[in-house]
Structure formats: structure tokens, C-alpha cells
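User: Please take a close look at one helix of this structure and its surroundings, and then work outwards to the other parts. I am a first-year student, so plain wording is best.

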Amino acid sequence: MTAVAQARRPASRAPRSGPPGRALDRGAWFLVLPALLPILVLSVGPLLYGIALAFTDAQSGRAAPTHWIGALNFRDLLHDTLFWESFRIGLVWAVGVTVPQFLLALGLALLLNQDLRLRRLARALAIVPWAMPEVVVGIMWRLVYNTDAGVLNETLHDLGLGGGRDWLGSLSTALPAVLVVGVWAGLPQTTVALLAGLQNTPRDLHEAAALDGAGAWRRFREVTWPALRPVALAITALNLIWNVNAFALVYVLTNGGPGGRTRLPMLFAYEEAFRYGQFGYAAAMGCVLVAVIAVCLAVFLVGRLRGGEER
């Protein structure tokens, strides 16, 4: 074989297919596909169907005809005072649960991060409410708030502070009582997230700040909080989304009563769909809630991006 032929031989065996990166991309898609299919089938598909349903007059019953009515449902929503009242209650619920939840979880996480005796047991007990289903939590707290034999009324009676109050049936106490349950039920996951952030904070920085004479508050402000801030923003955004979508806990506790004082938007949409059979109108409510959540996510992401650019 001549030298020229030997020089040309490797070139003749060069692959004729496309760049290897495309094959890797196709292989990556095949690996991701099993995880994407449930999302497409169980999340994206129902979301698109719900958006389409919001532009119809769909009602319950197989014999009920469905017609395309455009934006009529959304126009009716603009004049539905009951829906906007439930929306206001939902905002009060979301903020009234998220803010105290974060403050209490931050204090509890700081406590559990200390070298205390029985620290592991305390951490295990702190996540017990997280392991309980919302229905069970609602039933348990209904027993606590029971008018005749509830733990709360019995305790107040023994302390000479009265008793016999209908906490979940009174117009003035129903929403505050439900807010307390919401804070208690959502406290563990916020605590766990903040505790994980605290444990990732380098101890060397705390020791150096202590040597410089910094007190506890200054160490928290200049060392702990900057490291904890990304975790705090993330868990707060998630809590807001979860609380805007809250349904089961309030449904079990009060079913939206008394007099609609605890009727959250998701509960209102549920009643329109499954009690009154107005599927199209309920889907329009769901679209409005999705839009609100999307705006909240956009604001959160923009804030995170700006914060990252500043750093």
C-alpha cells in the first residue's frame, strides 16, 4: 500500500452521519421522556383542557350541550362580587398564613440548629404535622375547636377565661381560627427548608464574627441571613403558591362557612363546578387563579435574577 493510500485510508472511514451532539441530544430526550410523560398527561393536558373549558358554557350532565361562548365567563367574573370577596379572603389567607409561618419557622430552625440536648428528637417531632394528611389535620382541629368538649374551650374554662365559644361557627373567629390551623400545618416544611439552609452556612464565618466582637443579632444580620436569603425566598414563594391553592384543610374545617367568611377561591370554584354544575364558569375561575400564580412566580423570578446580577 502506497503512502498516499495510507494517508487517505482514515479519511475514507470517517463517519458520514451528523455531528455526535445530535445523537446525544436524542438519547437525552429518550431518558427524560419517562419523566415528561406524566407531567404532560397529568398537568399540562388538564391545564390546556381547563383553559379551553373556560370559554364554553359546559355544565354537568351528559345531555347538557356545550357551546363556545368566548370570554363571556370572564366578563361575568368581573361583576361577580362573591368571587372577588372569596379572592380577597384568599389573599388574606395566603398572606396571613405565609408570613407568621415563615417567622415561626425561622425561630424554630434557629433553635433546632443549636447544640441542644435531645436535638434529634426535637427535629423529629417538629415534622410530625407534615406527615399528617390535611383531612386528618382538619378533623383533629375540629375536635380541638369543638364547642362543647373541645380542648381549647375546656382549657379556657379551667383557667377561668370563659369557654363554650363556637370558634369555627362565629363570623368573628372563624377565619382567625382557620389561619392558626394553616400556620400549624405548614410550619414543618418551612422549618426543614430553613434548617437545611442554616446547616449550609459555614461555621468559620460565625466564629470569625464572634472573635470580632459581633453579637448574636449582628451575626444573624451579616452572616446568617445573607446565606439563608435564597432559601427563604424560595420557600416563601412556594408557600404563597400552596396557600393560594389551598382547599382540603378549609373544606374539612368549615366548608367555607360561616356565611362565606372562609370561602377561599378554590373552594368557590369547587362549589360552582360540583355543587351547581357550572363547569365552564368554574374553569374561568381556575384560569384567573393560574394567572395570579403566574404573575407571582414572574415577580419572584425577576427578583431572584436581579439579586443574582447585583451579587
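Analyst: What follows starts with helix α4 and then moves to the cores, the surface, the salt bridges and one loop.

The model is a predicted one. Helix α4 covers residues 81-112, and Thr-98 is part of it. Is Thr-98 buried or exposed? Its relative accessible area is 4%, and the cut-off for buried is under 20%, so Thr-98 counts as buried. The side chain of Thr-98 makes a polar contact of 2.8 Å with the side chain of Asn-243. Setting aside residues up to four places away in sequence, Thr-98 touches Asn-243, Leu-240, Asn-239 and Thr-236. Helix α11 spans residues 216-244.

Helix α4 also holds a charged pair. Glu-85 and Arg-88 form a salt bridge through their side chains, with 2.6 Å from N to O. Why are these two residues about one helical turn apart? They are separated in this way because they lie three residues apart in helix α4. Both ends of the pair can be checked for exposure. Glu-85 has 34% relative accessibility and so counts as partly exposed. Arg-88 is also partly exposed, at 44%.

Next comes the interior. In soluble globular proteins, nonpolar side chains tend to be buried together. The largest nonpolar core here has 21 residues, and the members that touch the most others are Trp-93, Tyr-145, Val-181, Leu-249 and Leu-253. Helix α4 supplies at least two residues of this core, as do α7 (134-144), α9 (174-199) and α12 (248-253). The largest contribution is from α9, with seven residues. Tyr-145 can serve as an example of a core member. Apart from neighbours within four places in sequence, Tyr-145 is in contact with Leu-152, Asn-153, Arg-165, Trp-167, Leu-168, Ala-177, Val-180 and Val-181. There is also a second, separate core of 15 residues, and Ala-58, Ala-283, Val-288 and Leu-289 are among them.

Helix α9 also contains Gln-199. With 44% relative accessibility, Gln-199 is classed as partly exposed. Leaving out residues up to four places away in sequence, Gln-199 touches Asn-113 and Arg-123. Gln-199 and Leu-228 are 29 residues apart along the chain, and their C-alpha atoms are separated by 9.6 Å.

Nonpolar residues are found on the surface too. A nonpolar patch there is formed by Phe-30, Leu-33, Leu-37, Ile-39, Leu-40, Val-41, Leu-42, Val-44, Leu-47, Leu-48, Ile-51 and Val-290, which together have about 1,100 Å² of accessible area. Which helix gives the most to the patch? Helix α2 (residues 20-53) does, with 11 residues. Ile-51 is a patch member that lies in helix α2. Its relative accessibility is 35%, so Ile-51 counts as partly exposed.

Now the salt bridges as a group. How many are found in the whole structure? The search gives five. One of them joins Glu-222 to Arg-218, with the closest N and O atoms 3.4 Å apart. These two residues are four residues apart in helix α11, so about one helical turn separates them. Glu-222 is partly exposed at 45% relative accessible area, and Arg-218 is partly exposed at 40%. Another salt bridge links Glu-271 with Arg-263, where the closest N and O atoms are 3.3 Å apart. In this pair, Glu-271 is buried, with a relative accessible area of 6%, whereas Arg-263 counts as partly exposed at 22%. Elsewhere, Arg-218, Arg-221 and Glu-222 belong to one network, joined by salt bridges that share partners.

The last part is a loop. Pro-258 lies between α12 and α13 (265-275), in the loop that links them. The peptide bond between Gly-257 and Pro-258 is cis, with omega at about -10°. Asn-255 is located in the loop between α12 and α13. Its phi is near 55°, a positive value in a residue that is not glycine. At 31% relative accessibility, Asn-255 is partly exposed.

To return to the starting point, Thr-98 in helix α4 is buried, whereas Glu-85 and Arg-88 are partly exposed.

Terms used: Residues are numbered from 1 along each chain as its sequence is written. This is a predicted model: local features need pLDDT of at least 70, side-chain atom pairs count only at pLDDT 80 or more; totals for chains, interfaces and linings use all residues. Side-chain values use heavy atoms; hydrogens and water are left out. Buried means under 20% relative accessible area, exposed over 50%, partly exposed in between (1.4 Å probe, protein chains only). A polar contact is a pair of N or O atoms within 3.5 Å; within protein, one must be able to donate a hydrogen and the other to accept it, and residues adjacent in sequence count only if both atoms are side-chain atoms. Contact means heavy atoms within 4.5 Å. Patches are made of residues with over 30% relative accessible area and no salt bridge: like charges are joined within 9 Å, nonpolar side chains (Val, Leu, Ile, Met, Phe, Trp, Tyr) within 5 Å. Accessible areas come from the Shrake-Rupley method with a 1.4 Å probe; for residues, only the protein chains shown count as cover. A salt bridge is a side-chain nitrogen of Lys or Arg within 4 Å of a carboxyl oxygen of Asp or Glu. A nonpolar core is a set of buried Ala, Val, Leu, Ile, Met, Phe, Trp, Tyr and Cys residues joined through side-chain atoms within 4.5 Å.
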